[in-house]
Amino acid sequence: MPTVTDNSLDSFLIENQARFYRLAYSYLKHPEDAMDAVQTAVCRAVERQSGLRNPASLRSWFYHILVNVCLDALRQRGRFVPLSEWEEAGREDPPPADESIARQIDRLPPAAATVIRLRFYEELSLKEIAAVTGCSVNTVKSRLYAGLKKLRQSMEGEEIE
């Protein structure tokens, strides 16, 4: 059975580095955090490349690593409050709501937001998204359609539940 070579992994990582950064940034919203997440995911991929037996699944395998690194960073971030957020909490008026599509996706449940990001930002197939998230294709479909429905509702002015 063929394995992933150093060259194929290197080529994949170099060719797609901008996509990886964009995905990490869509989760973390800070340039430095996104760069750290991509770097961590690349290091993990290089360390674990011998465990990947099917070169055809390289893309979904790496996205799985990157998404998990981003989710870990978000969980870690939730354990402390940065000083900048303390300063903003003291303001009397809340900041204006940004109605961009990215902000609306951020307000979706995390599982639905992940599926939408992978499907539309990264153009992964439903099967690849299932491999990345560890869910069945049917679960991915239901999360995608439920997320799109909530996104449509929020764009029409209804609250996301």
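Me: Let me start with one residue: leaving aside its neighbours within four places in sequence, which residues is Val46 in contact with?

Reply: In this predicted model, Val46 is in contact with Leu9 and Leu13, once its neighbours within four places in sequence are left aside. Val46 itself lies in helix 3, which covers residues 31-48.

Me: How many residues apart in sequence are Val46 and Leu9, and how many Å apart in space?

Reply: A fold can bring together residues that stand apart in the sequence, and you can check this with a pair of C-alpha atoms. Val46 and Leu9 are 37 residues apart in sequence, and their C-alpha atoms are 7.9 Å apart in space.

Me: Does a contact like that tell me how accessible a residue is? Let me put it another way: what does Val46 count as, at 41% relative accessibility?

Reply: Buried means under 20% and exposed over 50%. Val46 counts as partly exposed because its relative accessibility is 41%. For the chain as a whole, buried residues make up 32% of the 161 residues.

Me: Let me step back, then. How many helices and strands does the chain have?

Reply: The chain has nine helices and zero strands. Read from the N terminus on, the elements run α-α-α-α-α-α-α-α-α. Contacts add another view: among those between residues at least 6 apart in sequence, 66% join residues at least 24 apart.

Me: How do I check the span of a helix, say helix 2?

Reply: Multiply the rise for each residue by one less than the number of residues. Helix 2 has twelve residues, 17-28, so at 1.5 Å a residue it should span 16 Å. Its end C-alpha atoms are 16 Å apart, which agrees.

Me: And which residues of helix 2 are buried?

Reply: Here is the general idea to keep in mind: an α-helix has 3.6 residues a turn, so residues three or four places apart point the same way. In helix 2, the buried residues are Phe20, Leu23, Ala24, Ser26, Tyr27 and Leu28. Just after helix 2, Lys29 takes a positive phi of about 65°.

Me: At what angle do helix 2 and helix 3 pack?

Reply: For a pair of helices, look at the angle, then the axes, then the residues that meet. Helix 2 and helix 3 pack at about 125°, with axes 8 Å apart. They are therefore oblique to each other, and helix 2 passes helix 3 in a right-handed crossing. Phe20, Tyr21, Ala24, Tyr25 and Leu28 of helix 2 meet Pro31, Asp33, Ala34, Met35, Ala37 and Val38 of helix 3. By class, that contact has ten nonpolar, no polar and one charged residues.

Me: Now a pair further along: why are helix 8 and helix 9 described as roughly perpendicular?

Reply: Angles from 65 to 115 degrees count as roughly perpendicular. Helix 8 (residues 126-133) and helix 9 (residues 137-155) pack at about 100°, their axes 8 Å apart, and are therefore roughly perpendicular to each other. On the helix 8 side, Leu126, Lys127, Ile129, Ala130 and Thr133 meet Val137, Val140, Lys141 and Leu144 of helix 9. This contact divides into six nonpolar, one polar and two charged residues.

Me: Which residues make the contact between helix 4 and helix 8?

Reply: Start with the geometry again. Helix 4 (residues 58-77) packs with helix 8 at about 45°, with axes 8 Å apart, and the two are therefore oblique. The crossing is right-handed. Arg59, Ser60, Tyr63, His64 and Val67 of helix 4 make the contact with Glu128, Ala131, Val132 and Thr133 of helix 8. These residues divide into four nonpolar, three polar and two charged.

Terms used:
Residues numbered from 1 in each chain as written. Predicted model: local features only at pLDDT ≥ 70, side-chain atom pairs only at ≥ 80, totals over all residues. Heavy atoms only, no water. Helix = DSSP H or I, 4+ residues; strand = E, 2+ residues; numbered from the N terminus. Buried < 20%, exposed > 50% of the residue type's maximum accessible area, 1.4 Å probe, protein only. Axes fitted to C-alpha atoms, helices over the stretch in contact; angles between N-to-C directions. Parallel < 35°, antiparallel > 145°, perpendicular 65-115°, else oblique. Contact = heavy atoms within 4.5 Å. Nonpolar A, V, L, I, M, F, W, Y, C, P; charged D, E, K, R; others polar. Left-handed = near helix turned anticlockwise from the far one by under 90°.
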